[in-house]
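User: Could you take a close look at one part of this model for me and then show how that part fits into the rest of the chain? A connected walk-through would be lovely.

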Amino acid sequence: MKIRIIVHSYTGNTYEVAKKLQERLLDDGKDVEIQRVSMVGGDKPKGKDIIIENPPEVEKYDALIFGSPVHAFALSLAMKTYLEEIPSLHGKKIALFVTKGTRFNWTGGNQAINKMKKICQSKGGTIIGTGIVIWNKQRHEKIAELAREFSGLF
Ligand SMILES: Cc1cc2nc3c(=O)[nH]c(=O)nc-3n(C[C@H](O)[C@H](O)[C@H](O)COP(=O)(O)O)c2cc1C
């Protein structure tokens, strides 16, 4: 099975999680690569026009994992724009995760996951798993747990 992990990561945390997920899925014998989403002009674009630089292709993959940081109580702008511009996710198995700084429920984790879910489902994708990693001292256990969980999905 060909899996792509596609992440936006501004300060590196989400990418770090993606690497751990990749390691685990490779150990499982899966064909898995990571690709990063970035915006033209860097992560602080001026104005409202967001352009995604070389958007990762999804057509060739059976399964996808999308990961993003929570920014301003919501899904990061780069990931939101990227997902909204994907033409179709029909027939794809999709797992989602976000990383965030604060542990409180109202600080955007669920909101970001729900936004990702909604966009992916509107394009025909099937959500098979989700996870939220809070960037605190317990994150290593949480990342290991997420890797175990996602490994059972594909
Ligand atoms: C501009 C900005 C806004 C953020 N807003 C939130 C937020 O609303 N809620 C939260 O829990 N964490 C917030 N954070 C913390 C990040 O979500 C967290 O550090 C995340 O792990 C960063 O992932 P990255 O290193 O992949 O960019 C914010 C960070 C930045 C830089």
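Analyst: L25 is found in helix α1, and since this is a predicted model, everything below describes the prediction. L25 counts as buried because 22 other C-beta atoms lie within 10 Å, where 20 or more are needed for that label. Setting aside residues up to four places away in sequence, L25 touches I3, K30, V32, S151 and F154. One of these partners, S151, is 126 residues away along the chain, yet the C-alpha atoms of L25 and S151 are separated by 5.9 Å. S151 is also where α4 (139–151) ends, so this pair ties helix α1 to the far end of α4 in the model.

Let's follow V32 next, as it leads from L25 to I5. V32 is among the contacts of L25, and V32 is also touched by I5. Apart from residues up to four places away in sequence, the partners of I5 are A18, L21, Q22, V32, I34, I65 and G67. Of these, A18, L21 and Q22 fall within the span of α1 (13–27), while I65 and G67 fall within β5 (63–71).

I5 also has a special place in the interior. The largest nonpolar core has 37 residues, and I5, I65, F66, L83 and M116 touch the most other members. At least two residues of this core come from each of β1 (2–7), α1, β5, α2, β7, α3 and α4. As background, nonpolar side chains tend to be buried together in soluble globular proteins.

L83 takes us on to helix α2. In α2 (residues 77–85), the buried residues are A78, M79, Y82 and L83. These four sit on the same side of α2, because they cover an arc of only 120° around the axis. Among the elements covering them are β3 (38–39), β4 (52–53), β5, β6 (74–75) and α3 (109–122).

Just before α2 there is a stretch of backbone worth a look. A72 is found in the loop between β5 and β6, and F73 lies in that loop too. Most residues other than glycine have a negative phi. A72, however, has a positive phi, near 50°, and F73 has a positive phi as well, near 65°. Their surroundings can be told apart by neighbour counts: A72 is exposed, with 9 other C-beta atoms within 10 Å, whereas F73 is partly exposed, with 13.

Helix α1 and strand β5 also matter for the ligand site in a purely geometric sense: α1, β5 and β7 (93–100) each supply at least two residues of the shell around the ligand. There are 19 residues around the ligand, and S9, N13, T14, P69 and G101 come nearest. By type, the shell holds seven nonpolar residues, 11 polar ones and one charged.

Strand β7 can be picked up again from the other side, through T126. T126 has its place in strand β8 (residues 126–134). Leaving aside neighbours within four places in sequence, T126 is in contact with K92, K93 and I94. The C-alpha atoms of T126 and K92 are 6.1 Å apart, although 34 residues separate the two in sequence. T126 counts as partly exposed because there are 13 C-beta neighbours inside 10 Å.

For a contrast with these long-range approaches, go back to α1 and consider L26. D43 and L26 are 17 residues apart in sequence, but their C-alpha atoms are 30 Å apart in space. D43 has its place in the loop between β3 and β4 and is partly exposed, with 14 other C-beta atoms within 10 Å.

Finally, here is the whole chain around these parts. There are four helices and eight strands, and from the N terminus on the elements run β-α-β-β-β-β-β-α-β-α-β-α. Among contacts with a separation of 6 or more, 74% join residues 24 or more positions apart; the pair L25 and S151, 126 residues apart, gives a good example of such a separation. Buried residues make up 36% of the 154 residues. The C-alpha trace spans about 45 × 35 × 25 Å along its principal axes. The radius of gyration is 14 Å, which agrees with a compact globule, because a globule of 154 residues would have a value near 15 Å.

Technical notes:
Residues are numbered from 1 along each chain as its sequence is written. This is a predicted model: local features need pLDDT of at least 70, side-chain atom pairs count only at pLDDT 80 or more; totals for chains, interfaces and linings use all residues. A residue is near a molecule or strand if its C-beta atom, placed from the backbone, lies within 6 Å of it. Ala, Val, Leu, Ile, Met, Phe, Trp, Tyr, Cys and Pro count as nonpolar, Asp, Glu, Lys and Arg as charged, and the others, Gly among them, as polar. The radius of gyration is taken over C-alpha atoms; the globule rule is 2.2 Å times the number of residues to the power 0.38. A residue is buried if 20 or more other C-beta atoms lie within 10 Å of its own, exposed if 12 or fewer, and partly exposed in between; C-beta atoms are placed from the backbone. Two residues are in contact if their C-beta atoms, placed from the backbone, lie within 7 Å. The arc is that of the directions from the helix axis to the C-beta atoms. A nonpolar core is a set of buried Ala, Val, Leu, Ile, Met, Phe, Trp, Tyr and Cys residues joined through C-beta atoms within 7 Å.
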